[in-house]
Amino acid sequence: MSVRKVVTRRSNHFRAIIPSRKNPHPTPCESILEAEFVRFLELSPTVASFIVQPMKLELQVGDEMQRYFPDFRVFLTDGKDVWCEVKPEARLAVARVAARMSAAHARFARDGSKFVVVTDTWLHQEPRRSNVAGLMYHRRAPLPPVEVKAIERQLHVASPKVLSDLEELLGKDLAWRLLGAGLVGLDLEKVIQADSQIFLTGGHRHADFLA
């Protein structure tokens, strides 16, 4: 649960609430970058769930104590978790911002926790950015478990290898609904086209945002 209300009626900047399949409630975002990161987290098979602004910290930044709310705590499918800050890369060149991020790194390192800054440079890499946006359009309400099992049996028998095979087997609408749900995966680092390789297990492939 967030310790700070992210989206309020008095907010005078960008705000959005993104539907979530990984969390009990929709995810509030207070920047375009945060919204893009949330969409990526929703599609990543390495992410089990996440919390927005989950903790208030007191950071020692130079000679003063500063209040700090990390943007995200991300829980991974391997049982680990990571704390994330989403920032435009240009902001990291500002001395006071760099000092604050350095203090946050040090604070989490003392606890044996991982802290990463996710920048617009990483989030805006193409074709991943466009692929995430396109797939999220097809991320709708979950299919009934019985229907998922029947589809999985159909995929096991037919074993489609590329996107056009999947669309021919199931129809374009259902094929893209499965892709949006991550039940069938694509390589998000490559342009999606008819001959794109698909993955029947393991979800979408993508570059490591923790690197």
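# Exercises on burial, salt bridges and backbone

At a relative accessibility of 27%, E189 counts as partly exposed. This value, like those in the exercises below, comes from a predicted model.

**Exercise 1.** State which residue E189 pairs with in a salt bridge, and which parts of the chain the pair ties together.

*Solution.* Step 1. The side chain of E189 meets that of R128 in a salt bridge, with 2.8 Å from N to O. Step 2. R128 belongs to helix α4, whereas E189 is in the segment after α7, so the pair ties together parts 61 residues apart in sequence. Step 3. The burial of R128 follows from the cut-off: buried means under 20% relative accessible area. R128 has 2%, and therefore counts as buried.

**Exercise 2.** Determine how the buried residues of helix α4 are arranged around its axis, and name elements that cover them.

*Solution.* Step 1. Helix α4 spans residues 128-137, and its buried residues are R128, N131, V132, L135 and M136. Step 2. Viewed down the axis of α4, these residues fall within an arc of 125 degrees, so they line one face of the helix. Step 3. Their cover includes strand β1 (16-18) and the helices α1 (32-43), α3 (120-123) and α7 (172-181).

**Exercise 3.** Compare the salt bridges E42 with R139 and R73 with D81 in N to O distance and in burial.

*Solution.* Step 1. In the pair of E42 and R139, the closest N and O atoms are 3.4 Å apart. This pair links distant parts of the chain: E42 lies in helix α1 and R139 in the loop between α4 and α5 (145-158), 97 residues apart. Step 2. For R73 and D81, the N to O distance is 3.1 Å. Step 3. E42 and R139 are both buried. R73, in contrast, is partly exposed, with a relative accessible area of 26%, and D81 is partly exposed with 26% as well. Step 4. These pairs are among the seven salt bridges counted in the model.

**Exercise 4.** Decide whether E34 is buried or exposed, and list its contacts beyond four places in sequence.

*Solution.* Step 1. E34 is found in helix α1. Step 2. E34 has a relative accessible area of 4%, so this residue is buried. Step 3. Apart from neighbours within four places in sequence, E34 is in contact with C29, D71, F72 and V86.

**Exercise 5.** Explain what is notable in the backbone at Q53, S159 and the bond joining E126 and P127.

*Solution.* Step 1. Most residues other than glycine have a negative phi, and most peptide bonds are trans. Step 2. Q53 has a positive phi, near 40 degrees. Q53 sits in the loop between β3 (47-52) and β4 (57-61), and is buried at 3% relative accessible area. Step 3. S159 also has a positive phi, near 50 degrees. S159 is in the loop between α5 and α6 (163-170), and at 29% relative accessibility counts as partly exposed. Step 4. The peptide bond joining E126 and P127 is cis, with omega about 10 degrees. P127 is in the loop between α3 and α4.

**Exercise 6.** Describe the chain as a whole by its secondary structure, its burial and its charges.

*Solution.* Step 1. The chain has seven helices and eight strands. Step 2. Of its 211 residues, 42% count as buried. Step 3. There are 30 positive and 25 negative side chains, and the centres of the two sets lie 6 Å apart.

Technical notes
Residues numbered from 1 in each chain as written. Predicted model: local features only at pLDDT ≥ 70, side-chain atom pairs only at ≥ 80, totals over all residues. Heavy atoms only, no water. Helix = DSSP H or I, 4+ residues; strand = E, 2+ residues; numbered from the N terminus. Buried < 20%, exposed > 50% of the residue type's maximum accessible area, 1.4 Å probe, protein only. Lys, Arg positive; Asp, Glu negative; His and termini not counted. Charge placed at Lys NZ, Arg CZ, Asp CG, Glu CD. Arc of directions from axis to C-beta. Contact = heavy atoms within 4.5 Å. Salt bridge = Lys/Arg side-chain N within 4 Å of Asp/Glu carboxyl O.
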